[in-house]
Amino acid sequence: QVQLVESGGGLVQAGGSLRLSCAASGRTFSSYTTGWFRQAPGKEREFVVGITWNGGRTAISDSVKGRFTISRDNAKNTVYLQMNSLKPEDTAVYYCAVDRESERLSARRTSYDYWGQGTQVTVSS
């Protein structure tokens with residue numbers, strides 16, 4: 001069992017930055033792929049970025065490429081999402097999730113086994 005807690009969300013002006021954290025409990029977290037998804041009001045939850053268990057590979061959606069980066073510190077059981085040059089369309093609830101397939105880097109929601117409760121990011125224009 002893995003429990004995930006996101007933090008770092010908030011209100012920011014367009015062009016600003018935020019860093020989200022996903023803190024995990026459970027010794028096996030460092031063995032799993034972790035992804036960030038987001039869900040805007042009235043929209044489907046969408047994949048944003050993902051990172052394999054050792055940080056060897058990452059995947060990023062075209063909508064945030066060049067602005068968002070993902071990293072992890074397995075010693076701290078934490079994955080980070082650095083978001084720069086934020087736009088109003090980035091406004092959403094951001095969720096981290098874990099896929100127990102450590103080498104898979106999937107953009108599909110159904111590939112992920114554990115989810116956090118989400119953190120709100122609001123970007124004002």
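Let's begin at cysteine 96, which is buried, with a relative accessible area of 0%. This is a predicted model, and the cysteine is a good way into it. Its partner is cysteine 22, and the two sulfur atoms lie 2.1 Å apart in a disulfide. The structure holds one such link. The pair joins distant parts of the chain, since cysteine 22 sits in strand S3 and cysteine 96 in strand S9, 74 residues apart. The link is right-handed, with 60° about the S-S bond. Here are the two cysteines side by side:

| Residue | Relative accessible area |
|---|---|
| Cysteine 22 | 0%, buried |
| Cysteine 96 | 0%, buried |

Next, the nonpolar core. The largest one has 28 residues, and those that touch the most other members are Val2, Leu4, Trp36, Phe68, Leu81, Met83 and Tyr94. Strands S3 (18–25), S5, S7 (68–73), S8 (78–83), S9 (92–99) and S11 (119–124) each give two or more residues to this core.

Finally, have a look at arginine 45, found in the loop between strand S4 (33–39) and strand S5 (46–51). Which side chain of opposite charge is nearest to this buried arginine? That is glutamate 6, 7.5 Å away, and arginine 45 has no salt bridge. Because a salt bridge needs the side-chain nitrogen and carboxyl oxygen within 4 Å, that distance is too long for one. Arginine 45 does have a polar contact of 3.2 Å, side chain to side chain, with glutamine 39. Beyond its neighbours within four places in sequence, arginine 45 is in contact with Phe37, Arg38, Gln39, Tyr95, Arg109 and Trp115.

Methods:
Residues numbered from 1 in each chain as written. Predicted model: local features only at pLDDT ≥ 70, side-chain atom pairs only at ≥ 80, totals over all residues. Heavy atoms only, no water. Helix = DSSP H or I, 4+ residues; strand = E, 2+ residues; numbered from the N terminus. Buried < 20%, exposed > 50% of the residue type's maximum accessible area, 1.4 Å probe, protein only. Lys, Arg positive; Asp, Glu negative; His and termini not counted. Polar contact = N/O pair within 3.5 Å; in protein donor to acceptor, adjacent residues only side chain to side chain. Contact = heavy atoms within 4.5 Å. Core = buried A, V, L, I, M, F, W, Y, C linked by side-chain atoms within 4.5 Å. Disulfide = S-S within 2.5 Å.
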